[in-house]
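Let's take a walk through this one, a stop at a time. Keep the structure open beside you as you read.

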Amino acid sequence: MIPKTFKEVIDLGDGREISIETGKLAKQAHGSVVVQSGKCMLLCTVVSNYKQSDVDFLPLTVDYREKFAAAGRYPGGFFKREARPSDGEVLTMRLVDRVLRPLFPKDYHAETQVMIQLMSHDENVMPDAMAGLAASAAIQLSDFPFECAISEVRVGRVNGELIINPTREQLKESDIDMVIGASADSVMMVEGEMDEISEEEMVEAIKFAHEAIKVQCEAQLRLAEAFGKKETREYEPEVEDEDLQKKVHDLTYDKVYAIAKAGSAKHERSEAFQAIKEEVEATFSEEELEEIGGLVSKYFYKAEKEAVRNLTLDEGLRLDGRKTDEIRPIWCEIDYLPSVHGSSIFTRGETQALATVTLGTSREANQIDMPSYEGEETFYLHYNFPPFSTGEARPIRGTSRREVGHGNLAQRALKGMIPEDCPYTVRVVSEVLESNGSSSMATVCSGTMALMDAGVQLKKPVSGIAMGLITDTETGKYAVLSDILGDEDHLGDMDFKVTGTSDGITACQMDIKVKGLSYEILVKALMQAKDGRLHILEKLTDTIAEPKPEVKSYAPKIVTKIIPGEYIGAVIGSGGKVIQELQKETNTTIVINEDPDTEEGIVEILGTDQDGIDAVIAKIDAVMFKPEVGSVYEVKVIKMLDFGAVVEYMEAPGNEVLLHVSELAWERTENVSDVVNMGDVFDVKYFGLDPRTRKEKVSRKALLPKPEGFKERPPRNDRGGDRRNNDRRGGNRDRKPRRD
């Protein structure tokens, strides 16, 4: 018997709907829903242990996976099963995690898992836009201590019209691709890329998304009410001690405030704060610290946070002595690495990124193989964040989710500035060498300079800046911080990163921790970010004003040539023999792809030696060479025969044709060598196919004047030979018939 189900439907306003259903699948999970739009179906389950973990944070895991069966496909690879998550899946996990995590109580430390699976794929629906809705809906059906319902939507803009959850085809025409996460009251997360839009246009898109999210939050609450809203579970809260908190605050606040106001460097400041903490701990016995040491540390960091925030709100000063809108000192350098195709260093304060660029053919494109999307990227960026960049030693266990997310943000910031006719596959790698505040924005800046140093003809240079916000809801004070430090990232109410050109925004990432942030403050913050971004952009262009006109001498040049599809096989040769020998002879890399629309061949020739590239082009031209009837061509004798000479077209080496002895000269020629010799170069006229021999015919004599008194030989009849021979061999009527 099929169990009773509960369902809510959300109208997107343009004929599309999203349904949320529960009661049929995964009933042992603490909450489960199936979210469906079209044929796209997501199953989300949530489970949280009832016992608190022995940690001082929320051990929340958000896992998003796309099953290949959802698209009727097999996984690639040898084992034919889903394994580690793809970058696309990791990015969706981060989008959901960033909205959910702040809504759990700070003292809730139970192991919690949110698992979202794509079970059925619809090519007209992008599933990642519904992952946040699915996660929140499942949590609403559970007994978790969770503040309020949230949802996430994607916003696009096609021909000036904003669209909620556009299709992938619509996104190709859109100048905005943003995912916004929010509750009914507050926007909490923004991430996306744009085509140089203004700050006001960005805020308009956020407002548009928020209205749609409010409708989705209401649907979740109705579903939970119909299903039967569970009582919120009780859990063991953290122990609090108001007297201890006051004691720690009184011992530390003024000292921390003084150090924060001194404007010291990161490590000096950290050591000073640590010394104060140790002084406080020294006021307790070892036995007391064993019992309340955790609370002492907790209250110390609370006092530290309060002191630093008050310093900024009351005096407009920051930890390193800067004013709120001041950018740290910047220095840049290009062409630092002597053997790479492009390189640059960007250093801002205590943050440094070294970027490299590598140029290749379409063979080096990044292949994307997900159930919801198959394709390739000819521009991609990888970001590495080693532990030494923050003065730490810790295990390295592959690429982290953070590295995937930061690299993706920088890639989205830059990719719109790669020209459409760029012949290369371009890979940028950012190595973060120091970090104290937004290494992802340093990556954008170093990536811009490295691309220009490599000779990639960027449409416009791109810069990026990380911003912060500190607010006091009681007094109404707030401070927008430009170019935030790592410490300011943790103690602020909002951190956001904005990238763009001199003409508009290309990408952004926001995490808003304060409820009910007004759009007025948001616009002010974005405008202050614009000022900082343009200041940084000026530093970049002072270092390299425009892309270098050519790639470096040791970097590969690439030439793209279009050939008719009928010649693809001839250029490749049997078993690849022609193309392999050509690559070996010319020291080039040759890649041939077929355009599915035109069926033409797209030949990419990559090499460091221009002569080698020219030789490949000449060979391809030779393969495709077709002489025109009546035209004159220069040829060279490459072989001598008794009945003529084999000649090669000078403009198409490798293309040969027989020059028959009868076409050498008007006079009768007994020996070919009497007229031409090996290596001779002269002109011939092309007559096309000889109707008698069905072979190509060229003539030297046709370009020579006839000798005076020259008489044409009588033409042959259809059977061959002259009339005399005919009479003798077959036309002699006096010949008697042969007897049997």
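Start with helix α5 (residues 242-262) and helix α6 (residues 266-281), whose axes come within 10 Å and cross at roughly 165°. With angles over 145 degrees counted as roughly antiparallel, that makes α5 roughly antiparallel to α6. As for hand, the α5 and α6 crossing is right-handed. Bear in mind as you look around that this is a predicted model.

So what do the two helices bring to each other? On the α5 side you'll find Val248, Leu251, Thr252, Lys255, Val256, Ile259 and Ala260, and these meet Arg269, Ala272, Phe273, Ile276, Glu279 and Val280 of α6. Sorted by class, the contact of α5 with α6 comes to 9 nonpolar, 1 polar and 3 charged residues.

Now for another helix pair. Helix α4 (residues 199-227) and helix α11 (residues 519-543) have axes that come within 10 Å and cross at roughly 145°. Here too the hand is easy to state: α4 passes α11 in a right-handed crossing. From α4, the residues in the contact are Glu199, Glu200, Met202, Val203, Ile206, Lys207 and His210, while α11 offers Tyr519, Leu522, Val523, Leu526, Met527, Lys530 and Arg533. The class count for α4 with α11 is 8 nonpolar, 1 polar and 5 charged residues.

Next, pick out a single residue. Aspartate 453 sits in helix α9 (residues 439-453). Is aspartate 453 buried or exposed? Its relative accessibility is 0%, so aspartate 453 counts as buried; the cut-off for that is under 20%. And what is aspartate 453 in contact with, once you leave aside its neighbours within four places in sequence? The list for aspartate 453 runs Ile334, Asp335, His341, Gly342, Ser343, Ile544, Lys548 and Lys552.

Finally, head over to the strands. There's an open sheet of 5 strands here, in the order β27-β26-β25-β28-β29, and its pairing is antiparallel. At the edges are β27 (656-660) and β29 (696-699), each of which pairs on one side only. On average, neighbouring strands of this sheet are turned by 50° against each other, direction ignored.

Zoom in on one edge of that sheet. Strand β26 (residues 644-649) pairs with β27 in the antiparallel sense, over 5 bridges. If you'd like a specific spot to find by eye, try alanine 645: its bridge partner in β27 is leucine 659.

Technical notes:
Residues numbered from 1 in each chain as written. Predicted model: local features only at pLDDT ≥ 70, side-chain atom pairs only at ≥ 80, totals over all residues. Heavy atoms only, no water. Axes fitted to C-alpha atoms, helices over the stretch in contact; angles between N-to-C directions. Helix = DSSP H or I, 4+ residues; strand = E, 2+ residues; numbered from the N terminus. Parallel < 35°, antiparallel > 145°, perpendicular 65-115°, else oblique. Left-handed = near helix turned anticlockwise from the far one by under 90°. Contact = heavy atoms within 4.5 Å. Nonpolar A, V, L, I, M, F, W, Y, C, P; charged D, E, K, R; others polar. Pairing = 2+ DSSP bridges. Buried < 20%, exposed > 50% of the residue type's maximum accessible area, 1.4 Å probe, protein only.
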